[in-house]
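Biologist: I am new to this structure, and I would like to go through it slowly, asking at each step how a label was earned.

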Amino acid sequence: MKRCAALLLPLVLASCATLRSPEATRIQEADAARVASCEFLSDLHFISGYGGLTSVWAAREAHEAILQQAAQKGATHIVWNPSARLFFPSTSGKAYRCGK
């Protein structure tokens, strides 16, 4: 029974994965110096509802969710803030539009 559960857990988690849109794949990671002359769009935040044994997956989910938020705002670049890796992983960053 435990072996069956261990085999099914990755499949269940994968089925809940956030898919990256084409717009989100174009967003470039940057540092503050790179976006100094760009238009600031928004602060972005996401706290995963998963944690504990699934915290690695949850951190990836948070990262993908932030990229989706940035894409919806028309961002071309994102500057990541340091992530909190507590029981429920969270991610935040700043979205920018550069070169337009």
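Biologist: Which residue in β4 is the bridge partner of His-77?

Modeller: The bridge partner of His-77 in β4 is Tyr-96. Before going further, please keep in mind that this is a predicted model, in which local features need pLDDT of at least 70 and side-chain atom pairs count only at pLDDT 80 or more, while totals for chains, interfaces and linings use all residues. Residues are numbered from 1 along each chain as its sequence is written, and side-chain values use heavy atoms, with hydrogens and water left out.

Biologist: What makes β3 and β4 a pair?

Modeller: Two strands pair if DSSP finds at least two bridges between them, and β3 and β4 are joined in the antiparallel sense over four bridges, so the definition is met. Strands (E, at least two residues) and helices (H or I, at least four) are DSSP runs, numbered from the N terminus. The open sheet has four strands in the order β1-β3-β4-β2, with mixed pairing.

Biologist: Why do β1 and β2 count as edges of the sheet?

Modeller: Each of β1 and β2 has a single partner strand, so one side of each is left without a neighbour in the sheet.

Biologist: How do you know that Cys-38 and Cys-98 form a disulfide?

Modeller: A disulfide is a pair of cysteine sulfur atoms within 2.5 Å, and the sulfur atoms of Cys-38 and Cys-98 are 1.9 Å apart, so the pair meets the definition. The structure holds one disulfide. It links distant parts of the chain, with Cys-38 in the loop between β1 (28–29) and β2 (39–47) and Cys-98 in the segment after β4 (90–97), 60 residues apart.

Biologist: Why is this disulfide called right-handed?

Modeller: The torsion about the S-S bond of Cys-38 and Cys-98 is about 110 degrees, so the disulfide is right-handed.

Biologist: What makes Lys-94 and Asp-43 a salt bridge?

Modeller: A salt bridge needs a side-chain nitrogen of Lys or Arg within 4 Å of a carboxyl oxygen of Asp or Glu, and the side chains of Lys-94 and Asp-43 meet at 2.7 Å, N to O, so the name applies. Lys-94 lies in strand β4 and Asp-43 in strand β2, so the pair ties together parts that are 51 residues apart in sequence. A search of the whole structure finds two salt bridges, and Arg-97 and Glu-39 also meet in one, at 3.2 Å, N to O.

Biologist: Is Ser-42 buried or exposed, and how do you know?

Modeller: Buried means under 20% relative accessible area, exposed over 50%, and partly exposed in between (1.4 Å probe, protein chains only). Ser-42, found in strand β2, has 14% relative accessibility and therefore counts as buried. In helix α3 (residues 55–72), Glu-64 at 12% also counts as buried, whereas Arg-97 at 25% counts as partly exposed.

Biologist: Which element has the lowest mean pLDDT, and which the highest?

Modeller: On pLDDT, the predictor's confidence in each residue from 0 to 100, helix α1 (residues 2–15) has the lowest mean, 49, and strand β3 (residues 77–80) the highest, 95. The mean pLDDT of the protein is 77, and 62% of its residues reach 70 or more. Over residues 11–15 pLDDT stays under 50. Where pLDDT is low, the predicted coordinates should not be read in detail.

Note on methods
Contact means heavy atoms within 4.5 Å.
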